[in-house]
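Open the model in your viewer and show side chains as sticks. This tour goes from one salt bridge to the next.

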Amino acid sequence: DGQSTDQRNTREAARAAQAAGIVTYAVGVGKVGDQLDQQELYSIAGQASRVLTADNYAKLNLLKRELTHRTCSGIVDALHQKDQKWIGGVDQFGPELAHQDKDHE
């Protein structure tokens, strides 16, 4: 729903996850201001762009596509960055491989 039962522990856990490099999202169910604590959702997500809300549980399924798109595109971006670092690091392995080839001649 839109409010945790222990806001202090929720905020601390979210901060610890974010400090560890984990990208967090918050999904709230209810009306902002009524049932949803907007500030708590922001603290869980780390930034407003990672907060998603649904007016009720019936509409929660509609957020699935949006959340999947956001999280999967983040994974693709991270893998792309990793590949770029690896491709850039190929030269670092060159001398080692060349040295191994000389040992086998």
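**Salt bridges, stop by stop**

Select Glu12 and Arg8: they form a salt bridge, with the closest N and O atoms 3.2 Å apart. Keep in mind that this is a predicted model. Now colour helix H1, residues 7-19. Both partners lie in helix H1, four residues apart, which is about one turn of the helix. Check the surface next. Glu12 counts as partly exposed, at 39% relative accessibility. Arg8 has 52% and counts as exposed, because the cut-off for exposed is over 50%.

Move on to Lys31 and Asp55. Their closest N and O atoms are 3.7 Å apart, and the two residues form a salt bridge. Trace the backbone on either side. Lys31 sits in the loop between strand E1 (26-29) and helix H2 (38-45), while Asp55 sits in the loop between strand E2 (51-54) and helix H3 (57-88), so this pair ties together parts that are 24 residues apart in sequence. Lys31 is partly exposed, with a relative accessible area of 42%. Asp55 is partly exposed too, at 39% relative accessibility.

Stay on Asp55 and add Lys59. Their side chains meet in a salt bridge, 3.6 Å from N to O. Lys59 counts as partly exposed, at 38% relative accessibility. Which residues do salt bridges with shared partners join into one network? Select Lys31, Asp55 and Lys59 together: these are the members of that network.

Zoom out to finish. How many salt bridges does a search of the whole structure find? The search finds three.

Methods: Residues numbered from 1 in each chain as written. Predicted model: local features only at pLDDT ≥ 70, side-chain atom pairs only at ≥ 80, totals over all residues. Heavy atoms only, no water. Salt bridge = Lys/Arg side-chain N within 4 Å of Asp/Glu carboxyl O. Helix = DSSP H or I, 4+ residues; strand = E, 2+ residues; numbered from the N terminus. Buried < 20%, exposed > 50% of the residue type's maximum accessible area, 1.4 Å probe, protein only.
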